[in-house]
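Good morning. I have one structure to go through today, and I will take the DNA before the protein chains. Please look at the model on the screen while I talk.

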Number of protein chains: 2
Amino acid sequence: MTNQTEDRRPLSRQIADELRNEIESGQHASGAKLPSQRQLAERFSAARNTVDEALKILAQEGLVVAEHGRGVFVRVKQPLIRLGSDRYSPKHRETGLSPFLIECARQGKVGRFEVLNIERIKPNKELAKQLHVSEKAKSVLRRENVFYADADPVYRVTTWIPWRIAQGTGLLQEEVPHQYGIHGVFEEKGHVMTRINDEITARMPTPEEVRYLNLSPGIPVIEVMHTSLDQDGEPYEVTRFVMRSDMNGLSYNVPVE
Amino acid sequence: MTNQTEDRRPLSRQIADELRNEIESGQHASGAKLPSQRQLAERFSAARNTVDEALKILAQEGLVVAEHGRGVFVRVKQPLIRLGSDRYSPKHRETGLSPFLIECARQGKVGRFEVLNIERIKPNKELAKQLHVSEKAKSVLRRENVFYADADPVYRVTTWIPWRIAQGTGLLQEEVPHQYGIHGVFEEKGHVMTRINDEITARMPTPEEVRYLNLSPGIPVIEVMHTSLDQDGEPYEVTRFVMRSDMNGLSYNVPVE
DNA sequence: GAGTGGTCTAGACCACCTA
DNA sequence: AGGTGGTCTAGACCACTCC
């Protein structure tokens, strides 16, 4: 650290900056344990509180993770699972695997998902508009899932389907009644996916999402609002993906129209 | 707050949860000032430090913003600027405006950008591979910009162009030498944009990005690595957008192939 | 000048992990 | 048992804003 008496930045920032430098220059390898807070406090002639503050800054940047009783560690970057614009492409049918499972397999992981709940609901205003259904009735089927790669929760997924389409298809059951999954069901009903519309945002997770996705501090989520459009341009399904950004990315390889 | 003696969560969390509830239930309107830290400390029978901690949790979630000397305020949500998959579409040529400017105008804002620097550089390994250029020479032109909506910085944009394409086009000057912008220049050189590939991630900003984008705590950035492909499938330009997620979203409306 | 948030200290107790 | 992070306290001083 440079001349402390001249430096007007808060001490906790200075310590954070110094440690960040050390990490980025490779003095603390990925996964390595940093000196304890008490050791750092002595080194920087600061109170332990102040060191804790500095480490919280780095944790918030996603650079380090504290583990209670063990120490503070340089965060190990995970390879990203890339959800692609081709994730619904018919070309993936041949393998019988969804793109998520393919990507997991490519990384030597086992992908799976759990059904949280399935319910027939009244849509809110916006959803009713998007799906061209009535706002007054229980006109929509909602399915909520969590996707896992090995033991790590990766996405929180909610799918909304107009009841006129879901009706009588068995989509009220956990088990999806089609070998090509939910989109196989839609095709049988005469809705061939022709275009998709994905609206993407990023934000910090809600406390509920922190629980579901087992998120540590400093990890934002990516939210994708996806709409499927059929051969007539009619929307027939909306899905929201909430993804942990430390394990996920998106990829759109598309023609310019 | 419920029975404090039974609650095992840290006091700062309890305070944060309580205040979050109050905000979400509308007891503190958007933009409203919360009670001062000293008042809250008294109300919750806690040290001011503890209240400060609680407010930092909410700030990190993007719910409130502290303003030094003024108070802590409920964050006002900004309307999002949506960068679309059609942002390069020839159909926007007629207006003579870029999609960014159109979107700004729609929100009653004035869009503009500043050139930070323009330089001929040696690409790193990954970039060399993406652009099919040599890693050993100064084979790439880099242009760095910041985009603004009114006074707010919105994107940090870096564009890399193979020097063999940029050479002799005037792209070394600040002023882009074509009425249709930089992509007009590429077309004149025989590269018609036929496909794009966008790789999207989200993360917390680096301290440098915090400075450039004037970011407050709890706001992640969205990073888009964009590649333009010409009629032969050849990549001829890579652009990185770093966008503040509180003012930006993405939108992909694309065919299923 | 009064009020606000920003930061720091020194010490304390707790919960968790490793051995 | 001993070390580590998690949290809280009480008090202090500072920088900023507003009147």
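I will start with one contact. An N or O atom in the side chain of B:Asn49 is 2.4 Å from a base nitrogen of DNA strand D. Keep in mind that this is a predicted model, so every distance I quote is computed from predicted coordinates.

Now, which parts of the protein supply the surface near DNA strand D? From chain A, two or more residues each come from helix H2 (37-43), H3, strand S1 (64-67) and strand S2 (71-74). From chain B, the elements that do this are helix H1 (11-24) and helix H3 (48-60).

In total, 24 residues surround DNA strand D. The closest are A:Arg48, B:Leu11, B:Ser12, B:Asn49 and B:Thr50. Of the strand D atoms that come within 4 Å of the protein, sugar and phosphate make up 59%. Sorted by class, the surface near strand D has 12 polar, 6 nonpolar and 6 charged residues.

Two contacts from chain A to strand D are worth finding on the screen. For A:Gln37, a backbone N or O atom lies 2.9 Å from a phosphate oxygen of DNA strand D. For A:Arg38, a polar side-chain atom lies 3.0 Å from a base nitrogen of DNA strand D.

Next is DNA strand C. How many residues surround this strand? The number is 24, and the closest are A:Leu11, A:Ser12, A:Asn49, A:Thr50 and B:Arg48. Sugar or phosphate holds 59% of the strand C atoms within 4 Å of the protein, and the rest belong to bases.

Here are three contacts with strand C. A polar side-chain atom of A:Asn49 lies 2.3 Å from a base nitrogen of DNA strand C. A polar side-chain atom of A:Arg70 lies 3.3 Å from a phosphate oxygen of that strand. B:Asn49, where I began, also has a polar side-chain atom 2.9 Å from a base nitrogen of DNA strand C.

The elements giving two or more residues to the surface near strand C are, in chain A, helix H1 (11-24) and H3. In chain B they are helix H2 (37-43), H3, strand S1 (64-67) and strand S2 (71-74). The residue classes near strand C are 6 nonpolar, 12 polar and 6 charged.

Now to the two protein chains. In chain A, 38 residues are in contact with 38 residues of chain B. Between them the chains bury about 3,400 Å², with 54% of that on carbon and sulfur atoms. The count of residue pairs in polar contact between chain A and chain B is 22.

What does chain A bring to the side that touches chain B? Helix H3 (48-60), strand S7 (195-203) and strand S10 (248-255) of chain A each supply at least two residues. S7 of chain A gives the most, with 9 residues. By class, this side of chain A has 18 nonpolar, 10 polar and 10 charged residues.

S7 of chain A also pairs with strand S10 (residues 248-255) of chain B, in the antiparallel sense, over 6 bridges. Within that pairing, A:Ile200 has B:Leu250 as its bridge partner.

Last, the salt bridges. Over all chains, the search finds 42, and 4 salt bridges lie across the interface of chain A and chain B. B:Glu53 forms a salt bridge with A:Lys56, with the closest N and O atoms 3.4 Å apart.

Within chain A, A:Arg87 forms a salt bridge with A:Asp198, at 3.0 Å between the closest N and O atoms. This pair links distant parts of the chain, 111 residues apart. A:Arg87 is in the loop between strand S3 (81-84) and helix H4 (99-106), while A:Asp198 is in strand S7.

That is my part done. Thank you.

Terms used:
Residues numbered from 1 in each chain as written. Chains lettered and ligands numbered in written order. Predicted model: local features only at pLDDT ≥ 70, side-chain atom pairs only at ≥ 80, totals over all residues. Heavy atoms only, no water. Contact = heavy atoms within 4.5 Å. Buried area = accessible area lost by both parts, 1.4 Å probe. Salt bridge = Lys/Arg side-chain N within 4 Å of Asp/Glu carboxyl O. Polar contact = N/O pair within 3.5 Å; in protein donor to acceptor, adjacent residues only side chain to side chain. Helix = DSSP H or I, 4+ residues; strand = E, 2+ residues; numbered from the N terminus. Nonpolar A, V, L, I, M, F, W, Y, C, P; charged D, E, K, R; others polar. Pairing = 2+ DSSP bridges. Near = heavy atom within 4 Å.
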